[in-house]
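Biologist: I'd like to go through this one with you and keep asking what each label rests on. Can we put it on the screen?

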Amino acid sequence: MEQFRINGGTKLTGEYKLAGAKNAVLPILAATIVTGNESKIESCPELSDVQTMFTILTELGCKITKEEDGVIIDSAPIHSYTIPEHLMREMRSSVFLMGPMIARCGKVTLSYPGGCEIGLRPIDIHLSALKKLGVTIKEAHGFLECTADRLVGNRILLDFPSVGATENVMLAATAAEGETTIINPAKEPEIIDLQNFLNACGAEIRGAGTGEIFIRGKKSYNQVEHRVIPDRIEGGTVLTAVAITGGNVVLRNAIPEHMSMTLSKLKEAGCRIREGKDYVVLFSPARLKAVETIKTQPYPGFPTDMQSQFLTLMTMAQGTSIITETIFESRFKHIEELRKMGARIKVDGRTAVVSGVKNLAGARVISRDLRGGASLVIAGLGAEGETIVENICHIDRGYDKFELALRKIGADIRREPTVDMY
Ligand code: UD1
């Protein structure tokens with residue numbers, strides 16, 4: 001087990017370059033299965049979730065070659081149809097291996113997926129949508145056995161614009177006869193990146209990012225090289241980290257349009273923002289202002305993946321903020337830890353009322369999920385004195401050597417082993 005030791009209170013300044021997006025690369029890695037060919041993925045972030053996906057792909061038979069500027073996945077030699085249970089439990093994203101495995105092999109066996117402990121996270125929308133394409137799903141003892149002799153395109157209405165379910169249907173439909181229409185799909189930029197990857201392989205998909213996606217199935221797919229979009233959530237995390245310290249930063253390799261709701265809330269908090277084609281500059285105010293209301297929503301609304309970080313920023317703002325989490329029911333686990341640092345937060349169901357304080361005080365805190373963990377790092381950077389964030393394996397799932405990247409903009413943070421005191 002490892003922890004971060006942070007000495008807070010230093011203003012972060014400088015330039016920070018964003019890595020490829022975790023939530024784009026994971027479905028794209030799964031999508032390489034569909035092609036039965038070689039795919040080169042550039043700007044692939046070095047995250048533990050990505051490593052888990054590599055392990056799963058290797059178990060299935062894919063050949064993976066890492067090169068300096070990217071990773072090559074050859075999915076031609078796939079010979080296994082079972083996703084090992086321990087890997088499935090390690091990462092929620094493994095659920096969207098269903099679509100590509102069915103498209104390519106007509107079958108797959110997997111257990112219910114794991115992932116962050118941020119709520120129930122059922123997969124009913126995935127399952128009912130796949131059934132509409134002709135997939136038979138048998139559920140027993142926590143395992144799902146999915147088979148399809150033939151996939152047939154259909155009109156599929158999603159009850160909720162689930163990101164993973166949209167991706168799963170897009171992937172399965174690449175091998176379906178005729179056209180599939182997804183109505184009420186997720187509109188996240190990562191869905192558009194998946195469409196771009198698949199179309200570069202020869203797929204016929206249009207509509208990603210809008211209210212309907214159309215997929216025409218194909219029999220074969222070609223080799224491809226694809227560069228993953230920058231991580232808008234890493235971008236938002238760094239901007240809030242800089243803002244809580246009162247610093248200034250230039251975010252490079254950014255797509256400001258993907259971050260517009262986060263940037264708009266940072267402006268409401270008093271930050272000055274300048275946007276270019278592929279960069280964002282943030283100047284912090286002398287004292288942050290409370291943003292009256294924030295409600296997480298599917299894209300283009302305020303991202304649930306930025307809720308923990310923004311809530312943390314608001315703990316040091318002047319005034320009261322009301323933050324409502326509508327996507328995941330257990331995404332307030334960082335609040336108890338923030339209270340140890342002097343934050344004043346009341347929770348009523350899915351709403352948190354944050355009364356800003358002038359200073360947070362360093363403390364020993366525990367990271368319980370990916371974004372909540374990142375938010376404790378932010379709190380530590382803004383606090384007076386020393387903060388220790390334990391259980392940072394959650395943070396490593398989504399941030400590539402976060403401490404080294406933050407040190408480049410002046411953060412006093414280091415990684416060390418956690419010594420068991422009991
Ligand atoms: C993806 C992102 C995650 C982000 C989330 C919402 C990846 C790898 N992860 O997760 O970082 O927080 O989108 O932006 O891209 N739901 C159901 N039934 C289903 C599917 C989902 O009830 O079959 C519910 C979930 O429990 C949750 C909500 O829908 O309450 C959103 O889930 P979804 O959009 O599917 O998120 P993920 O794809 O898991």
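**The ligand and its shell**

Modeller: Let's begin at Pro122, where a backbone N or O atom sits 3.2 Å from a nitrogen atom of the ligand. Keep in mind that this is a predicted model.

Biologist: What makes the pair at Pro122 a polar contact?

Modeller: The cut-off is 3.5 Å between N or O atoms, and 3.2 Å falls within it, so the Pro122 pair counts.

Biologist: Which atoms of Asp124 and the ligand pair up, and at what distance?

Modeller: An N or O atom in the Asp124 side chain is 2.7 Å from a ligand nitrogen atom. That is within 3.5 Å, so this is a polar contact too. Asn23 brings a polar side-chain atom to 3.0 Å from an oxygen atom of the ligand. Taken on its own, the ligand has 740 Å² of accessible area, and the protein covers 87% of that.

Biologist: How many residues surround the ligand, and which are the closest?

Modeller: There are 19 around it, and the closest are Asp124, Ile125, Ser162, Asp305 and Ile327. By type, the shell splits into seven nonpolar, six polar and six charged residues.

Biologist: Which helices each supply at least two residues of that shell?

Modeller: Helices α5 (124-132) and α6 (163-173) do. The largest share, three residues, is from α5. As for domains, domain 1 (2-19 + 230-417) and domain 2 (22-227) each give the shell at least three residues.

**Inside α5 and α6**

Biologist: Why is His126 called buried?

Modeller: His126 has 2% relative accessibility, and buried means under 20%, so the label fits. His126 belongs to helix α5. Its C-alpha is 8.7 Å from that of Val95, although the two are 31 residues apart in sequence.

Biologist: And Leu130: buried or exposed?

Modeller: Leu130 comes out at 0%, under the 20% limit, so it is buried. It is in α5. Leu130 and Tyr112 are 18 residues apart along the chain, with 15 Å between their C-alpha atoms.

Biologist: Over in α6, why do you call Thr166 buried?

Modeller: Thr166 has 0% relative accessibility, which is under 20%, so buried is the right word. Helix α6 is where Thr166 sits. From Thr166 to Ala148 it is 18 residues in sequence and 19 Å in space, C-alpha to C-alpha.

Biologist: What does the side chain of Asn168 reach?

Modeller: It reaches the backbone nitrogen of Gly99 at 2.7 Å. Asn168 is in α6, and at 0% relative accessible area it is under the 20% limit and therefore buried.

**Cysteines**

Biologist: How many disulfides does a search of the whole structure find?

Modeller: Zero. For Cys62, the closest cysteine sulfur is that of Cys105, at 9.0 Å; a disulfide needs 2.5 Å or less, so there is no bond. From the Cys105 side, Cys62 has the nearest cysteine sulfur, and Cys105 is in no disulfide.

Biologist: Why is Cys62 buried, and why is Cys105 called partly exposed?

Modeller: Cys62 has 5%, under the 20% line, so it is buried. Cys105 has 23%, between 20% and 50%, so it counts as partly exposed.

**Backbone oddities**

Biologist: What makes Ser43 and Asn184 worth flagging?

Modeller: Ser43 has a positive phi of about 60° without being a glycine, and Asn184 has one of about 65°, again not a glycine. Most residues other than glycine have a negative phi.

Biologist: Where do Ser43 and Asn184 sit?

Modeller: Ser43 is in the loop between β3 (38-42) and α2 (48-60). Asn184 is in the loop between β10 (179-183) and α7 (189-200). With a relative accessible area of 28%, between 20% and 50%, Asn184 is therefore partly exposed.

Biologist: Which peptide bond is cis, and what is its omega?

Modeller: The one from Tyr299 to Pro300, with omega near 10°. Most peptide bonds are trans. Pro300 is in the loop between β17 (293-295) and α10 (307-314).

Terms used. Residues numbered from 1 in each chain as written. Predicted model: local features only at pLDDT ≥ 70, side-chain atom pairs only at ≥ 80, totals over all residues. Heavy atoms only, no water. Near = heavy atom within 4 Å. Polar contact = N/O pair within 3.5 Å; in protein donor to acceptor, adjacent residues only side chain to side chain. Areas by Shrake-Rupley, 256 points an atom, 1.4 Å probe, with all protein chains shown as cover. Helix = DSSP H or I, 4+ residues; strand = E, 2+ residues; numbered from the N terminus. Nonpolar A, V, L, I, M, F, W, Y, C, P; charged D, E, K, R; others polar. Domains from an automatic or database assignment. Buried < 20%, exposed > 50% of the residue type's maximum accessible area, 1.4 Å probe, protein only.
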